Amino acid sequence: MRYFWTFFWAFLLVEMLTYVVSSMTGSAFNFQLGAILGVIVTILVYVISALIPNEPAQKH
């Protein structure tokens, strides 16, 4: 279930970002570009979360 929600929020936030940036530049909104970037961001989040260690930090 966490994978679904990660994809959902990443997809939604990237679509909003695509809309805002296209509005600011004066170009047309491209849903397909936002969808592709949303999938890429979701995969990057999964990879980064797999690389971060789960163990607690040692006290120095």
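**Two helices and a nonpolar surface patch**

At 48% relative accessibility, tyrosine 3 counts as partly exposed in this predicted model. Tyrosine 3 belongs to helix 1, which comprises residues 2-25. Between the C-alpha atoms of tyrosine 3 and threonine 18, which stand 15 residues apart along the chain, the separation is 22 Å. Threonine 18 is one of the buried residues of helix 1.

Helix 1 contains 24 residues, and the distance from its first C-alpha to its last is 34 Å, close to the 34 Å expected at 1.5 Å a residue. The buried residues in this helix are Ala10, Val14, Glu15, Thr18 and Ser22. Helix 2 is among the elements that cover them. Just after helix 1, glycine 26 adopts a positive phi of about 85 degrees.

Serine 22 was examined individually within helix 1. Its relative accessibility is 7%, and serine 22 is therefore classed as buried, the cut-off being under 20%. When residues up to four places away in sequence are not counted, serine 22 touches Ser27, Ala28 and Phe29.

A nonpolar patch is found on the surface, formed by Met1, Phe4, Trp5, Phe8, Trp9, Leu12, Leu13 and Met16. Together, these residues present about 850 Å² of accessible area. Methionine 16, one of the members of the patch, is located in helix 1. With a relative accessibility of 43%, methionine 16 counts as partly exposed, because this value falls between the limits of 20% for buried and 50% for exposed residues.

Helix 2 spans residues 31-51 and has 21 residues. From its first C-alpha to its last, helix 2 reaches 30 Å, close to the 30 Å expected at 1.5 Å a residue. Within helix 2, the residues Gly34, Ala35, Gly38 and Thr42 are buried. Viewed down the axis of helix 2, its buried residues fall within an arc of 100 degrees, so they line one face of the helix. The cover over the buried residues of helix 2 includes helix 1. On the other side of helix 2, Gln32, Ala50 and Leu51 are exposed. Each helix thus contributes to the cover of the other: helix 2 for the buried residues of helix 1, and helix 1 for those of helix 2.

Two leucines of helix 2 were considered further. Leucine 37 lies in this helix and is partly exposed, its relative accessible area being 36%. The C-alpha atom of leucine 37 is separated by 8.4 Å from that of glutamate 15, although their positions lie 22 residues apart along the chain when counted as sequence separation. Glutamate 15 is itself buried and belongs to helix 1. Leucine 33 is likewise located in helix 2, and at 42% relative accessibility leucine 33 counts as partly exposed. For leucine 33 and asparagine 54, which are 21 residues apart along the chain, the C-alpha atoms are separated by 33 Å.

Note on methods. Residues are numbered from 1 along each chain as its sequence is written. This is a predicted model: local features need pLDDT of at least 70, side-chain atom pairs count only at pLDDT 80 or more; totals for chains, interfaces and linings use all residues. Side-chain values use heavy atoms; hydrogens and water are left out. Patches are made of residues with over 30% relative accessible area and no salt bridge: like charges are joined within 9 Å, nonpolar side chains (Val, Leu, Ile, Met, Phe, Trp, Tyr) within 5 Å. Accessible areas come from the Shrake-Rupley method with a 1.4 Å probe; for residues, only the protein chains shown count as cover. A salt bridge is a side-chain nitrogen of Lys or Arg within 4 Å of a carboxyl oxygen of Asp or Glu. Helices (H or I, at least four residues) and strands (E, at least two) are DSSP runs, numbered from the N terminus. Buried means under 20% relative accessible area, exposed over 50%, partly exposed in between (1.4 Å probe, protein chains only). The expected span of a helix is 1.5 Å times one less than its number of residues. The arc is that of the directions from the helix axis to the C-beta atoms. Contact means heavy atoms within 4.5 Å.
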